[in-house]
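Subject: Structure handover

Dear colleague,

Please find the structure we discussed just below. My notes on what was found in it follow, and I would be glad if you read them with the coordinates open.

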Amino acid sequence: MNPATIGEKLRNKRLELGLLQIDVAKITSVSEDSITLWGNNRNEPSVIYYPKIIQFLGYVPFNIDTSTFWGQIKLYRYLYGLSQKKLALKLEINQSTILGYEKNEHKPSQKILAKI
């Protein structure tokens, strides 16, 4: 099976390691119900869980073009479990600005680049 969703990737890794859903829930600091819902593609994990999911899987399970600035921003957010809003607060900019970066609609100023 070629897993397409994050839930399928989690389920495959769990089965590969011979772990129960409760084991993965403890590793990723979520409820067993969350693991079940993700594994059955009934729900998607929030970005706050991405760092532990990435650590558990051993790779980034998203298709992100890291050769681009906007891909690097998205990867940074995912590695640190930051929503666009939380990253915007850290950088003291508007949330829509982060969205614009990730959509390659505009480039950051030198001031923002220095913060990043």
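How many aromatic pairs does a search of the whole structure find? The search finds six, and I should say at once that this is a predicted model, so please read every value here as computed from it.

One of these pairs joins tryptophan 38 and tyrosine 49, whose rings are tilted, with 5.8 Å from centre to centre and 50° between the planes. This pair links distant parts of the chain, since tryptophan 38 belongs to helix H3 (residues 32–39) while tyrosine 49 sits in the loop between H3 and helix H4 (50–57), 11 residues apart. Tryptophan 38 is buried, because its relative accessibility is 4% and the cut-off for buried is under 20%, whereas tyrosine 49, at 26%, is partly exposed.

A second tilted pair is formed by tyrosine 76 and tyrosine 80, at 4.7 Å centre to centre and with 40° between the planes. These two tyrosines are separated by about one helical turn, because they are four residues apart in helix H5 (residues 69–80). Tyrosine 76 is partly exposed at 35% relative accessibility, and tyrosine 80 is exposed at 54%. Tyr76 and Tyr80 also join Leu79 in a nonpolar patch on the surface, which has about 310 Å² of accessible area together. Elsewhere, ring pairs link Tyr50, Phe62 and Tyr78 into a cluster.

As for the chain as a whole, its secondary structure comes to eight helices and zero strands. The C-alpha trace spans about 50 × 25 × 20 Å along its principal axes, and buried residues make up 36% of the 116 residues.

Tyr76 comes up again in the largest pocket, which has a volume of about 150 Å³ and is lined by Phe69, Gln72, Ile73, Tyr76, Leu87, Lys90, Leu91, Lys115 and Ile116. Helix H5 and helix H6 (84–91) each supply at least two residues of this lining, and the largest share, four residues, comes from H5.

Which salt bridges should you look at? The search of the whole structure finds three, and I take them in order of sequence.

- Lysine 13 forms a salt bridge with glutamate 16, with the closest N and O atoms 3.8 Å apart; both residues lie in helix H1 (residues 6–17), three residues apart, or about one turn of the helix. Lysine 13 counts as buried at 19% relative accessibility, while glutamate 16 counts as exposed at 60%.
- Arginine 77 forms a salt bridge with glutamate 102, with the closest N and O atoms 2.5 Å apart, and this pair links distant parts of the chain, arginine 77 being in helix H5 and glutamate 102 in helix H7 (residues 95–102), 25 residues apart. Both partners are buried, with a relative accessible area of 6% for arginine 77 and 11% for glutamate 102.
- Glutamate 92 and lysine 115 meet through their side chains in a salt bridge of 3.0 Å, N to O. Because glutamate 92 lies in the loop between H6 and H7 and lysine 115 in helix H8 (residues 110–115), the pair ties together parts that are 23 residues apart in sequence. Glutamate 92 is exposed at 65% relative accessibility, and lysine 115, which also appears in the lining of the largest pocket, is partly exposed at 36%.

With best wishes

Technical notes
Residues numbered from 1 in each chain as written. Predicted model: local features only at pLDDT ≥ 70, side-chain atom pairs only at ≥ 80, totals over all residues. Heavy atoms only, no water. Phe/Tyr/Trp six-rings, centres within 6.5 Å; stacked < 30°, edge-to-face > 60°. Buried < 20%, exposed > 50% of the residue type's maximum accessible area, 1.4 Å probe, protein only. Patch = residues over 30% accessible without salt bridge, like charges linked within 9 Å, V, L, I, M, F, W, Y side chains within 5 Å. Areas by Shrake-Rupley, 256 points an atom, 1.4 Å probe, with all protein chains shown as cover. Salt bridge = Lys/Arg side-chain N within 4 Å of Asp/Glu carboxyl O. 1 Å grid on protein atoms, 1.4 Å probe; cavity = no way out; pocket = protein on both sides within 12 Å on 5 of 7 lines; lining within 4 Å. Points joined across faces, edges and corners; volume = space filled by probe spheres on them.
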